[in-house]
Amino acid sequence: MLSQTVFRSDDVPPEHRKEAWRECISRALAPMEIVGGADGDFHAYQRLVHLDTVSVWPATMDSCHYVRTSKQVRQSDPGNYHITVLRPDCGELRVGHEDRQTTHRPCDLYMLDTSTHAEADSSDYSARVSAIGVEVPKRLVPSFGREGLRPLLGQPLSGRHGFGALFARFVATVAEDSDIYGPADAQRLETVLVDLLSGLVSRELEAESALSAETRARNLRMQIRSHIDRHLHDPELTPSRVAAAHYLSTRQLHRIFEDDDTSVTGYLRERRLERARRALAAPTRADIPVHAIAAQCGFTSAAHFSRTFRAAFGETPTDYRNRAGVSTGTPGATPRGTPLGPRVESAGRAGAEGQAPGAGGQRQPVAGR
């Protein structure tokens, strides 16, 4: 698993919780003050996941007013860009960065510079804050002209469309799946994250030409794959349609996939099969016939789906579902012996994430760094 550290406020005496949280958030982001909010009834939860030099930290917390003063900037500056990804269940946040005041809604993103005074608080102090923080050293992000990223800092950026959506989904995946990646994956994950962030800021600043050719190529591949994943249900999704959606020729599209040692058609088939496999093993979809699941995953023929599934996994879709325990009344059983067996969350992580903010043990290293 990736190196990570967990903080749970309920393991701290009530009178010390807010100060403990201030220390925790100061280590994760940068030194700051916390103003307002109840002391004895304060709750917060954070899981700080370390990649290489980048960190990702999903957190839930009671509303407070956070202030990073100019004095604190002078005393300690990690030299990072901080990105906050607001989750769908997060309340509105108000952010001040230099002389700019903005409001951010669920699924928005915003960026801050740790070298600058900033503050943030909730529009509704009864609402819970649920977000993912990301810390990226500024030296990893391309420089864009004289002003750099200043025009974007503190501004609402959409996490629903384009590179903002790609970035938000990726950091959520890293946060949720941190236990299935190993230390050797950290650098690769960091490279993808920084590429997506660079693509986001370059698109917002209309400065894509400042990106390296390698970064632009990786970003295009990720955009194409995301498009395919969103349209797998469409039986008319073909390489030519994928190419047209990205203003490419079919030949250019095939060349992009050659770099990944696969074909567009092969990638489409693999993704459809994986989606179908997951659906067949899901207890919540046990009442959906196999042929209907095949259609939902873009297969136009049940017989073709069955042959393709058997060629990939060594058994028919029906046998796979039966062995998964879905149709025999034992939901949640884990299929064995398949190349792509469904992943089951570890009880420890699921339990920690499933609690209300602060409902659990103390700050402790899960895997030391």
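**A tour from helix 11 to the largest pocket**

Start at Pro 317, which lies in helix 11, residues 317–323. The model on screen is predicted.

Show Pro 317 with its surroundings. Is it buried or exposed? Pro 317 counts as buried because its relative accessible area is 3%, under the 20% cut-off. Now display its contacts beyond four places in sequence: Leu 280, Val 290, Phe 305, Ser 306 and Phe 309. Add Arg 277 next. Its C-alpha is 7.8 Å from that of Pro 317, although 40 residues separate the two in sequence.

Move to helix 8, residues 264–280. This helix gives two or more residues to the lining of the largest pocket, as do helix 3 (162–176), helix 4 (186–204) and helix 5 (213–230). Which helix provides the largest share of the lining? Select helix 5: seven lining residues come from there.

Turn on the pocket itself. Its volume is about 990 Å³. The lining comprises 21 residues. Centre the view on Phe 170, Thr 173, Asp 229, Tyr 267 and Arg 271, the lining residues nearest the pocket centre. Colour the lining by class: eleven residues are charged, eight nonpolar and two polar.

Finish at the strands. Select strand 5, residues 65–68, and strand 2, residues 33–35. They run antiparallel and are joined by three bridges. Look for Val 35, opposite His 65 of strand 5. Then add strand 10, residues 118–122. Strand 5 pairs with strand 10 over three bridges, again in the antiparallel sense. Here Arg 68 stands opposite Ala 118 of strand 10.

Technical notes
Residues numbered from 1 in each chain as written. Predicted model: local features only at pLDDT ≥ 70, side-chain atom pairs only at ≥ 80, totals over all residues. Heavy atoms only, no water. 1 Å grid on protein atoms, 1.4 Å probe; cavity = no way out; pocket = protein on both sides within 12 Å on 5 of 7 lines; lining within 4 Å. Points joined across faces, edges and corners; volume = space filled by probe spheres on them. Helix = DSSP H or I, 4+ residues; strand = E, 2+ residues; numbered from the N terminus. Nonpolar A, V, L, I, M, F, W, Y, C, P; charged D, E, K, R; others polar. Pairing = 2+ DSSP bridges. Buried < 20%, exposed > 50% of the residue type's maximum accessible area, 1.4 Å probe, protein only. Contact = heavy atoms within 4.5 Å.
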